[in-house]
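Notebook open, coffee poured. I want to look up who packs against whom, and then go through the charged pairs.

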Amino acid sequence: LALNIHRAFPLVDGIVVERNGRIIFTDLGMDKMRAQRRMLVYDDRPIRHPASGLQLGVDHRILGKARVVQCDKALSKAELQKGFDPSIGSRHKVITQ
């Protein structure tokens, strides 16, 4: 049963290519995404050692949640849910929930 669910709803990641108000467009086409899927919009910030400058890791900051409303061949359109960060824009990352 778990394998069937994983096959039907695989974990997929991509990027925001454009934002218009509460609508975002991502680079996830219909081969990877379905309408009504939920996704997280997030940003990565490298954490560096103050003395050496060596990157120690990455801080993942969730900027908002979205629900896919339309899928085309090479992109998907999603509506941001209430409480999203107004800084969301192109090049932010997305991942399915």
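Started with Val94. I listed its contacts, skipping residues up to four places away in sequence, and got Val12, Asp13, Gly14, Ile15, Val16, Ile24, Thr26, Leu28, Met39, Leu40, Val41 and Tyr42. Note to self: this is a predicted model.

Next, the nonpolar core. Which residues touch the most other members of the largest one? I found Val94 again, together with Ile24, Met39 and Val41, in a core of 15 residues. Ile24, Met39 and Val41 are also on the contact list of Val94. Then I checked which elements feed this core: β3, β4 and β5 each give two or more residues. The largest share is from β4, with four residues. For context, nonpolar side chains in soluble globular proteins tend to be buried together.

On to charges. I looked up the salt bridges and the structure holds five. I went through some of them one by one.

Entry, Lys93 and Asp44. This pair forms a salt bridge, with the closest N and O atoms 2.5 Å apart. Lys93 sits in strand β6 (residues 93–96) and Asp44 in strand β3, so the bridge ties together parts 49 residues apart in sequence. Buried or exposed? Neither: Lys93 has 31% relative accessibility, so I put it down as partly exposed. Asp44 comes out at 24% and is also partly exposed, because buried would need under 20%.

Entry, Asp43 and Arg61. Their side chains meet in a salt bridge at 3.8 Å, N to O. Asp43 is in strand β3 (residues 38–48) and Arg61 in strand β4 (residues 55–71), with their positions 18 residues apart in the chain, so to speak: the pair links distant parts. I get a relative accessible area of 26% for Asp43, partly exposed, and 40% for Arg61, partly exposed too. I also noted that Asp43 and Arg61 belong to a network of salt bridges with Asp85.

Entry, Glu79 and Arg22. Here the side chains meet in a salt bridge, 3.8 Å from N to O. Glu79 lies in strand β5 (residues 76–80), while Arg22 is in the loop between β1 (13–20) and β2 (23–26), and the two are 57 residues apart. Relative accessibility is 32% for Glu79, which means partly exposed. Arg22, at 36%, is partly exposed as well.

Notes: Residues are numbered from 1 along each chain as its sequence is written. This is a predicted model: local features need pLDDT of at least 70, side-chain atom pairs count only at pLDDT 80 or more; totals for chains, interfaces and linings use all residues. Side-chain values use heavy atoms; hydrogens and water are left out. A salt bridge is a side-chain nitrogen of Lys or Arg within 4 Å of a carboxyl oxygen of Asp or Glu. Buried means under 20% relative accessible area, exposed over 50%, partly exposed in between (1.4 Å probe, protein chains only). A nonpolar core is a set of buried Ala, Val, Leu, Ile, Met, Phe, Trp, Tyr and Cys residues joined through side-chain atoms within 4.5 Å. Contact means heavy atoms within 4.5 Å.
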